[in-house]
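This report goes through the secondary structure of one chain, element by element. The sequence and the coordinates follow.

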Amino acid sequence: MYAFDIATDISGTELYDELVKAADALTAGEPDGIANMANIAALLWQYLPDLNWAGFYRMVGDELVLGPFQGKAACIRIPLDKGVCGAAARTGTTQLVEDVHAFPGHIACDAASRSELVVPVTRDGAVIAVIDLDSPLPGRFAQVDASGVERLAGLLSSRL
Ligand code: SME
């Protein structure tokens, strides 16, 4: 059994310190990328409040394909010229979207989503996956979330 207890009085950078530590412990020495993505999706879902979707899209050929996640069933394939995920994978940069309705080409997998954070995972300079977080709250994600998830993406670079 893996039991990760989350202190209720921590937030911001400290919360991501704990999340990255748990992710490191869970994935260390495990070479199976699907198992690692599945466990990380579960951790994101457990640690971060106010999410309605948390998970991965993987680069397969020239498009993104759905990976392990928590939340409602989602779009399976995303071309790189579409959506927030496509923008993150195409540019290799974090996309922090305070209002998804204002993002041209946003793909609404769940109509409840109002804000979104997508962080690319890179290996040897190439995007291999993106971490996608959605929230039903407008403006749910801030720079502290972007930095925290970027730290997680750095850890996962060699573990997916
Ligand atoms: N909203 C994303 C699509 C993926 S779902 O949110 C799970 C996008 O615009 O790329």
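## Helix H3 and the sheet

Of the 9 residues of helix H3 (residues 83-91), 7 are buried, and the helix is mostly covered. Buried means under 20% relative accessible area, exposed means over 50%, and partly exposed lies in between, with a 1.4 Å probe and protein chains only. Helices (H or I, at least four residues) and strands (E, at least two) are DSSP runs, numbered from the N terminus. The model is a predicted one, in which local features need pLDDT of at least 70 and side-chain atom pairs count only at pLDDT 80 or more, while totals for chains, interfaces and linings use all residues. Residues are numbered from 1 along each chain as its sequence is written, and side-chain values use heavy atoms, with hydrogens and water left out.

The buried residues of H3 are Gly83, Val84, Cys85, Gly86, Ala87, Ala88 and Ala89. They pack against E1, E2, E3, strand E4 (95-97), strand E5 (115-123) and strand E6 (126-135), where contact means heavy atoms within 4.5 Å. After H3 comes Gly92, with a positive phi near 70°.

The strands form an open sheet of 6 in the order E3-E2-E1-E6-E5-E4, with antiparallel pairing. E3 and E4 are the edge strands, each pairing on one side only. From one strand to the next the twist averages 25°. H3 packs on this sheet, touching E1, E2, E3, E4, E5 and E6, and the direction of H3 makes about 30° with that of E5. Axes here are lines fitted to C-alpha atoms, for helices over the stretch in contact, and angles run from 0 to 180 degrees between N-to-C directions.

## Strand pairs

Strands of a sheet pair through backbone hydrogen bonds, either parallel or antiparallel. Two strands are taken as paired if DSSP finds at least two bridges between them. Four of the pairings are set out below.

| Pair | Sense | Bridges | Bridge partners |
|---|---|---|---|
| E1 and E2 | antiparallel | 7 bridges | Met59 and Leu64 |
| E2 and E3 | antiparallel | 3 bridges | Leu64 and Ile78 |
| E1 and E6 | antiparallel | 6 bridges | Arg58 and Ala129 |
| E5 and E6 | antiparallel | 9 bridges | Ser115 and Ser135 |

E1 covers residues 53-60 and E2 covers residues 63-71; E3 covers residues 77-79. Leu64 is the partner of Met59 and also stands opposite Ile78 in E3.

The connections between these strands include hairpins. E1 and E2 form one with 2 residues between them, and Gly61 in its turn has a positive phi of about 65°. The hairpin from E2 to E3 runs through 5 residues. E5 and E6 are joined by a hairpin with 2 residues between the strands. E6 itself is mostly covered, with 8 of its 10 residues buried.

## The H1 and H2 pair

Helix H1 (residues 12-27) and helix H2 (residues 33-47) have axes that come within 10 Å and cross at roughly 155°. The two helices are therefore roughly antiparallel to each other; angles under 35 degrees count as roughly parallel, over 145 as roughly antiparallel, 65 to 115 as roughly perpendicular and the rest as oblique. Their crossing is right-handed, that is, the near helix is turned clockwise from the far one by less than a right angle, whereas anticlockwise would be left-handed.

On the H1 side the contact is made by Leu15, Glu18, Leu19, Ala22, Ala23, Leu26 and Thr27, which meet Asn36, Asn39, Ile40, Leu43, Leu44 and Tyr47 in H2. By class, this contact has 9 nonpolar, 3 polar and 1 charged residues. Ala, Val, Leu, Ile, Met, Phe, Trp, Tyr, Cys and Pro count as nonpolar, Asp, Glu, Lys and Arg as charged, and the others, Gly among them, as polar.

## Loop residues

Asp50 lies in the loop between H2 and E1. Its phi is positive, about 65°, although Asp50 is not a glycine, and with a relative accessible area of 41% the residue is partly exposed.

Asp124, in the loop between E5 and E6, has a positive phi near 50°, again in a residue other than glycine. Asp124 is exposed, with a relative accessible area of 79%.

Glu98 lies in the loop between E4 and E5 and is exposed, at 53% relative accessible area. Glu98 and Ser115 are 17 residues apart in sequence and 4.9 Å apart in space, C-alpha to C-alpha. Leaving aside neighbours within four places in sequence, Glu98 is in contact with Arg114, Ser115, Pro138 and Gly139.
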